[in-house]
Amino acid sequence: MNGELRAYVKGELERYRLAVEDYILGTSEERAAGVPRELFESMEYSLRAGGKRLRPALCLAAAKRAGVEEEKAMPMALGLEMLHTATLIHDDLPCMDDDDMRRGKPSNHAKFGETLALLAGDALFVQSLEFPMAKLKGIAPANVLRAMHIFARAIGPSGVCGGQVLDIDAAKAKDEPDYVRRIAKLKTGALIQAAVLTGTALGGADDAALSKYADYAAHLGSAFQIVDDILDVTSTAEELGKTPGKDERDGKVTHVTVYGLERAREMAAQESEAAKAALAGILPEDDFLALLPEYLVHRTK
């Protein structure tokens, strides 16, 4: 990817990030209504902790290409970020990954205690469904229903929650060579795929288009997780915003521990190419979504 295209993708990601940050701030008072102060403080602490905002960006970009204005799709995008934030809060808990740092700041439980962190994650899980259903306006009800069904399925037992269970049962990896791929498909890939598909569904895309976008997002999610595993062993705490090398120390199954560093890099590149190829005939090669896989494979944090 040449410098001009890389700058374009970086600029679009930053534009989406700022738009989502503004929306989080702009809806804070509304989302806090009726919520105990200490609970909302814990929820909002993690929701405002920063990050790439990749999942809402994917939703907004896909919605735009399906004919939905960014403003109308924003509640869905925020729902995705709420859910992602909830998974991070729970993932950091002592009973899960037991990490005291997230995005360069104390993890939620390190700041607010385990009980409130658990409840903040639960609350964000529920609000991630409630908020889009209440705020998605000017979109055909059938499209909203389809998008919400895609989202709900992705975060349930056959999606994110199922992936978390696989992630804590590393012993099974000895008997299943592709176990780490199954973890990535559910724990990371399911929500990335939902981000793309919810945006596309809001625009009423047909089954053929949804199938191609699903293929794109599956490969994108795989590439993203492989790079995450690589960065865990090659980056510093300052670069990652969390504890590096922790997966290996905890005996976690990752693409690096299973396949080795160089093979993992090859796999990330292959998944990136497959993601781009999935959009052939739908989007031009220089479209933001088509360029994004290669850009993300070369990220450093």
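## Exercises: ring pairs and overall build

Counting ring centres within 6.5 Å of each other, you get three aromatic pairs. Keep in mind that this is a predicted model.

**Exercise 1.** Work out which kind of pair Tyr-23 and Phe-131 form, and where the two residues sit.

*Solution.* Start with the geometry: the centres are 6.2 Å apart and the planes make 70 degrees. Angles over 60 degrees count as edge-to-face, so Tyr-23 and Phe-131 are an edge-to-face pair. Next, place them: Tyr-23 belongs to helix α1 (residues 3-26) and Phe-131 to helix α7 (residues 114-135). They are 108 residues apart, so this pair links distant parts of the chain. Finally, check Phe-131: its relative accessible area is 7%, and the cut-off for buried is under 20%, so Phe-131 is buried.

**Exercise 2.** Do the same for Tyr-45 and Phe-112.

*Solution.* Here the ring centres lie 5.3 Å apart with planes at 70 degrees, so this pair is edge-to-face. Tyr-45 comes from helix α3 (residues 37-47) and Phe-112 from helix α6 (residues 108-112), with their positions 67 residues apart in the numbering. Both Tyr-45 and Phe-112 are buried.

**Exercise 3.** Decide how the radius of gyration of the protein chain fits a compact globule.

*Solution.* For 301 residues, the globule value would be near 19 Å; the chain has 18 Å, so the two agree. Then look at burial: 53% of the 301 residues are buried. Last, take contacts between residues at least 6 apart in sequence: 74% of them join residues at least 24 apart. The fold behind these numbers has 16 helices and two strands.

Methods
Residues numbered from 1 in each chain as written. Predicted model: local features only at pLDDT ≥ 70, side-chain atom pairs only at ≥ 80, totals over all residues. Heavy atoms only, no water. Helix = DSSP H or I, 4+ residues; strand = E, 2+ residues; numbered from the N terminus. Rg over C-alpha atoms; globule rule 2.2 N^0.38 Å. Buried < 20%, exposed > 50% of the residue type's maximum accessible area, 1.4 Å probe, protein only. Contact = heavy atoms within 4.5 Å. Phe/Tyr/Trp six-rings, centres within 6.5 Å; stacked < 30°, edge-to-face > 60°.
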